Amino acid sequence: MGPVMLVFYPAAFTRVCTAQVCDYRDRWADFDEFGLTILGVSTDRPEKQASWRASNSLPFPLLSDPDGAVISKFTGTSRLMRGRAHRGNYIITQDGVIRYAHTEKVDLMRRGSDELLSRLRQLQGQGRLSG
């Protein structure tokens, strides 16, 4: 298994979250070149995650963290979003080293594929992507 990118988002079936995961879906082949596993994480129930994943043909798993235990260790939660996850991206090597960490200060913003792929190329070029 290669590196993992955790993608935290406030809620399935919302405009910005859907644009974010569909952007990653559309660039799936580019992410796959790095052997990257993408895992989406939110407080949404598993049934909602499964429905959203299917409706958007997402090629990566969506994980439910209903009590926010994992979310609190990474992005934390937003009062504005009623206790849901802040939006964030974390690239972690297979040996557990976080090589990229970004949490949005404004949940309406998101990291696009171009920026993340650029960071992955940079990490790979520095020999810091593999564990």
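Helix α1 (residues 15-26) has 12 residues, so at 1.5 Å a residue it should span 16 Å, and the 16 Å between its end C-alpha atoms agrees with this. The expected span is 1.5 Å times one less than the number of residues. Helices (H or I, at least four residues) and strands (E, at least two) are DSSP runs, numbered from the N terminus. The model is predicted: local features need pLDDT of at least 70 and side-chain atom pairs count only at pLDDT 80 or more, while totals for chains, interfaces and linings use all residues. Residues are numbered from 1 along each chain as its sequence is written, and side-chain values use heavy atoms, with hydrogens and water left out.

Within α1, the buried residues (under 20% relative accessible area, 1.4 Å probe, protein chains only) are V16, C17, T18, Q20, V21, C22, D23 and Y24. Their packing partners include β1 (4-8), β2 (37-42), α3 (46-55) and α5 (113-125).

Turning to the sheet, 5 strands form an open arrangement in the order β3-β2-β1-β6-β7, with mixed pairing; two strands pair if DSSP finds at least two bridges between them. At the edges lie β3 (62-64) and β7 (98-103), each pairing on one side only. From one strand to the next, the twist averages 20°. The pairing of β6 with β7 is antiparallel, over 5 bridges, and Y90 stands opposite A101 in β7.

Two helices pack on this sheet through contacts (heavy atoms within 4.5 Å). Helix α3 touches β2 and β3, and its direction makes about 165° with that of β3. Helix α5 touches β1, β6 and β7, making about 160° with the direction of β7. These angles run from 0 to 180 degrees between N-to-C directions, with axes fitted as lines to C-alpha atoms, for helices over the stretch in contact.

Conventions
Buried means under 20% relative accessible area, exposed over 50%, partly exposed in between (1.4 Å probe, protein chains only).
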